[in-house]
Amino acid sequence: MSIPPEVSVVYTAKDLAGGEKIFQRLNPPARLAIFGDPVAKSASPFIQNAALKECGINSQYVRVHVTAADLSESLAALLQADFLGCNLTMPHKLAALSLMHRVSKEANLMGAINTVAIRNGKFEGFNTDGPGFAAAIKEEFGMPLSTLRVLILGGAGGAGRAITVQCALEKCHSITIANRTLEKGTALAEEIGNGLGNSVTAITFDQENLTKALESSDLVVNATPLGMKEGDPSPLCDLHLGKNHLVYDTVYNGGTTALITQARDAGSKSASGLSMLLHQGAKAFEIWFSKPAPLEAMRESLKKIAG
Ligand code: NAP
């Protein structure tokens, strides 16, 4: 994924501590940001700046390199600099939970925040990864999550947990999570069973269990990092996919992952994580501005970086 120079500037927590001096003097002024470590390769500025421009909102969205140690102070600095909110990426999604004045029910269940809205001087935390995933599945495969039997690879990781909880909220026909560390999978299955009443099956990430799970699944989701690096193998190794499978790879690396190639060879329908990225961004925009996001302008902006 290549980043055009006009949106490649990375600000620092120190810049933020200087607050309004830097950000309000920009043209247009910065009023939204993404915090992360690393953050230089985040695609969010493309989609959010395209949305702001399309809607004629005189603000820009910037990248800020914020380490775990600087998160609390950097959030507080947003208040001084008159920001509307921010997105959070690694390593802040979990840590931010305890820094909010209010956390949405979904973000609490997902155990992570990726969107912060500042309202009346208070921080409100949301998670748009889960709803963004649901919108992506509907758009890519033309069917709602509720009709599907879902297998989530890496289902107890950060993104995997948001996807698993979303599947539970949407009452999918069945939910199976395959997690490398089984204890994390069984703990999440138990938590969802107690909190939402869904039955979630947790399995180990091995060939025998995955083969069985594939036989009784419609949608296979990769929420592991396998595919992010060139040369990464498919998380399914050479297990059998059929024409009836829908394969969603949350990875968006600007190229084709081994899993997507495997799905295409098997005649399965497949899609990459770009649509989840788009829809989680659109839902964040809607939280900040309380109006529909300009989805087509946001989608166009992604084409420039999709490789
Ligand atoms: P994470 O929190 O580190 O979770 C990674 C998960 O993958 C864990 O369940 C981990 O298992 C498992 N895993 C890691 N390496 C593995 C391997 N070699 N074999 C099998 N399982 C393995 O990571 P994350 O932040 O959730 O990111 C996961 C993926 O989601 C990434 O590919 C990222 O690009 C994607 N993502 C996409 C979007 C989007 O909008 N499209 C948004 C967020 C994330 P253990 O529990 O055993 O460690």
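Here is a short chat about the domains and cysteines of this predicted model.

Q: How is the protein divided into domains?
A: There's domain 1, residues 5–127, and domain 2, residues 130–275. Taken over C-alpha atoms, their centres are 29 Å apart.

Q: And how many residues does each one put into the contact?
A: Domain 1 brings 5 residues and domain 2 brings 9.

Q: What's the area buried between domain 1 and domain 2?
A: About 630 Å², with 69% of that coming from carbon and sulfur atoms.

Q: Which three residues supply the most on the domain 1 side?
A: Leu-109, Met-110 and Asn-127, which together supply 76% of the area domain 1 buries against domain 2. By class, the side of domain 1 touching domain 2 has 2 nonpolar, 2 polar and 1 charged residues.

Q: How many salt bridges between domain 1 and domain 2?
A: The count is 0. For polar contacts, there are 2 residue pairs across that interface, with both at pLDDT 80 or more.

Q: Switching to cysteines: how many disulfides?
A: The count there is 0.

Q: Why is Cys-55 not in one?
A: Because the closest cysteine sulfur, in Cys-86, is 20 Å from the sulfur of Cys-55, which is too far for a bond. Cys-55 is partly exposed, at 26% relative accessible area.

Q: What about Cys-172, where's its nearest cysteine sulfur?
A: That one belongs to Cys-167 and is 3.9 Å away. The cut-off for a disulfide is 2.5 Å, and Cys-172 is in none.

Q: Is Cys-172 buried or exposed?
A: Buried, with a relative accessibility of 8%.

Definitions and conventions:
Residues numbered from 1 in each chain as written. Predicted model: local features only at pLDDT ≥ 70, side-chain atom pairs only at ≥ 80, totals over all residues. Heavy atoms only, no water. Buried < 20%, exposed > 50% of the residue type's maximum accessible area, 1.4 Å probe, protein only. Domains from an automatic or database assignment. Contact = heavy atoms within 4.5 Å. Buried area = accessible area lost by both parts, 1.4 Å probe. Salt bridge = Lys/Arg side-chain N within 4 Å of Asp/Glu carboxyl O. Polar contact = N/O pair within 3.5 Å; in protein donor to acceptor, adjacent residues only side chain to side chain. Nonpolar A, V, L, I, M, F, W, Y, C, P; charged D, E, K, R; others polar.
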